[in-house]
Amino acid sequence: MEASIKHIAILGSTGSIGTQTLDVVSRYPDRFKADVLTANRNVELLAAQAVEFGARDVVICDESRYAELKRKLSGTGINVHAGMDAICGLVVEKDIDVVVGAMVGFSGLRSVVAALQAGKTIALANKETLVAAGAVVDALVKSGHGSILPVDSEHSAIFQCLQGSHGDKVARIHLTASGGPFRTWTRDSISTATAADALKHPNWNMGAKVTIDSATMMNKGLEVIEAKWLFGVEPERINVVVHPQSIVHSMVEYEDGAVIAQLGAPDMREPIQYALSYPHRIPLNNRKLDFAAISTLDFQAPDTEKFPCLAIAFDAIRRGGTAPAIMNAANEVAVKAYLEGRISFYSIADLISGTMNSMQIKDNPTLDDIFAVNAEAQGRALSILK
């Protein structure tokens, strides 16, 4: 029945999570309808997606590309918009049931907040929303403004492990990490690694920014901060463990010592589909686990000497206030500079630390404070970079 279809807005539909979300949508046209699609600059793919999926509205964030998108979709009946104001206006519309937050970086915050304020369900893949503004977003959810279903494989795993808890107290959360492409490299070798080296992730197919974050293990640091806000667990009870096979996506340990784990092949469509179909599970044509073929699952402690960004993230969440927002802003500048070949691998951590140490941390920030701090921290990082 038409009434059972979930109407979806996919923010960042041309990226890795966005394209995989559309793959899920394409397999269940009787369950999901992609009404709103947005992209930063990729006009070609956005236009093709809009036509293929019969989107009602599309938004290009880069307003200089609006005319080009408008021409490509001329005569289709698809409404074409540009800019963040347009996105925020569309996600609050009454017929949108689920908003997939798949935009990369701090840019995703404003639209997620707008959707939550309108009471929407957010399938959240954008880590930076909770990293930069966790307290603000958490307050919105607790006051009855919308809900969040995690899409990150690790947080989806934790969410799934908690389904049968019946309110039992969680002792610890164990976040697994692949270790990235440099897990077996020496520190000296890593110090000369190029962006091309860092982009060769052994297990996951992700966008460039997330892949670099995985190589530095900042990605895991961001996930620690996310987990604090999503599950109400203090960082002292969040343990990071390197698991190179990426089969165990994360684990929850209870007070009696029992550990519940969620396992699956490394395929982002599984957590995406679970968020869209929740609270039900539906078939997925992914690779199923063959435990005899896997044979061995390995676990080890992370090396913060080789990967200092993980320690920086733990420090940021312990300091609280605007510290995570400053860290996130500096990391975005640093990753961009590394991808452009302007700095070395370990200069990423140095630039983040230098920015954090040069700014005053504000406790209990408002959303306006977060936006101001993000701009200031990016400016400070760029100044240090020069």
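# Exercises on two sheets, two helices and the spaces between

β3 and β4 run parallel and are joined by 4 bridges. Strands (E, at least two residues) and helices (H or I, at least four) are DSSP runs, numbered from the N terminus. Two strands pair if DSSP finds at least two bridges between them. The model is predicted: local features need pLDDT of at least 70, side-chain atom pairs count only at pLDDT 80 or more, and totals for chains, interfaces and linings use all residues. Residues are numbered from 1 along each chain as its sequence is written, and side-chain values use heavy atoms, with hydrogens and water left out.

## Exercise 1: the parallel sheet

Find the residue opposite Asp57. Then place β3 and β4 in their sheet and describe its edges.

**Solution.**
Step 1. Asp57 stands opposite Asn79 in β4.
Step 2. The sheet is open and has 7 strands, in the order β4-β3-β2-β1-β5-β6-β7, with parallel pairing.
Step 3. β4 and β7 are the edges; each has a single partner strand, so one side of each has no neighbour in the sheet.
Step 4. From one strand to the next, the twist averages 25 degrees. Angles run from 0 to 180 degrees between N-to-C directions, and axes are lines fitted to C-alpha atoms, for helices over the stretch in contact.

## Exercise 2: helices on the parallel sheet

Which strands does α2 lie across, and which does α4 touch? Decide also how far α4 is enclosed.

**Solution.**
Step 1. α2 (residues 43-53) lies across β2 and β3, and runs at about 165 degrees to β2.
Step 2. α4 packs on the sheet and touches β1, β2, β3, β4 and β5. Its direction makes about 150 degrees with that of β3. Contact means heavy atoms within 4.5 Å.
Step 3. Count the buried residues (under 20% relative accessible area; exposed is over 50%, partly exposed in between; 1.4 Å probe, protein chains only). In α4 (residues 84-91), 6 of the 8 residues are buried, so the helix is largely enclosed by the rest of the structure.
Step 4. Name them: Met84, Ala86, Ile87, Cys88, Leu90 and Val91.
Step 5. These buried residues pack against β1, β2, β3, β4, β5 and α5 (109-117).

## Exercise 3: the mixed sheet

What is the strand order of the sheet that holds β8, and which strands are its edges?

**Solution.**
Step 1. This open sheet has 4 strands, in the order β9-β8-β10-β11, and the pairing is mixed.
Step 2. β9 (238-242) and β11 (259-263) are the edge strands, each pairing on one side only.
Step 3. On average, neighbouring strands are turned by 20 degrees against each other, direction ignored.
Step 4. Check the parallel pair: β8 and β9 are joined by 5 bridges. Here Thr176 stands opposite Val241 in β9.
Step 5. Check the antiparallel pair: β8 (residues 170-177) and β10 (residues 248-254) pair over 5 bridges. Here Ile173 stands opposite Val252 in β10.
Step 6. Look at cover: 4 of the 5 residues of β9 are buried.

## Exercise 4: helix α7

How many residues of α7 are buried, and what covers them?

**Solution.**
Step 1. In α7, 9 of its 9 residues are buried. They are Ser153, Glu154, His155, Ser156, Ala157, Ile158, Phe159, Gln160 and Cys161.
Step 2. Their cover includes β7 (147-150), β8, α11, β10, β11 and α12 (269-277).

## Exercise 5: pocket and cavity

Describe the largest pocket and the largest cavity by volume, lining and residue class.

**Solution.**
Step 1. Fix the terms. On a 1 Å grid over the protein atoms alone, a cavity is a set of points where a 1.4 Å probe fits but cannot get out; a pocket is an open set with protein on both sides within 12 Å along at least five of seven lines; lining residues have an atom within 4 Å of a point. Grid points are joined across faces, edges and corners, and a volume is the space filled by probe spheres set on the points.
Step 2. The largest pocket has a volume of about 950 Å³. Its lining has 50 residues; Ile17, Ala102, Val104, Gly207 and Val210 lie nearest the centre.
Step 3. α10 gives the most to this lining, with 5 residues.
Step 4. By class, the pocket lining has 16 nonpolar, 25 polar and 9 charged residues. Ala, Val, Leu, Ile, Met, Phe, Trp, Tyr, Cys and Pro count as nonpolar, Asp, Glu, Lys and Arg as charged, and the others, Gly among them, as polar.
Step 5. The largest cavity has a volume of about 30 Å³. α16 gives the most to its lining, with 4 residues.
Step 6. The cavity lining has 7 nonpolar, 1 polar and 1 charged residues.
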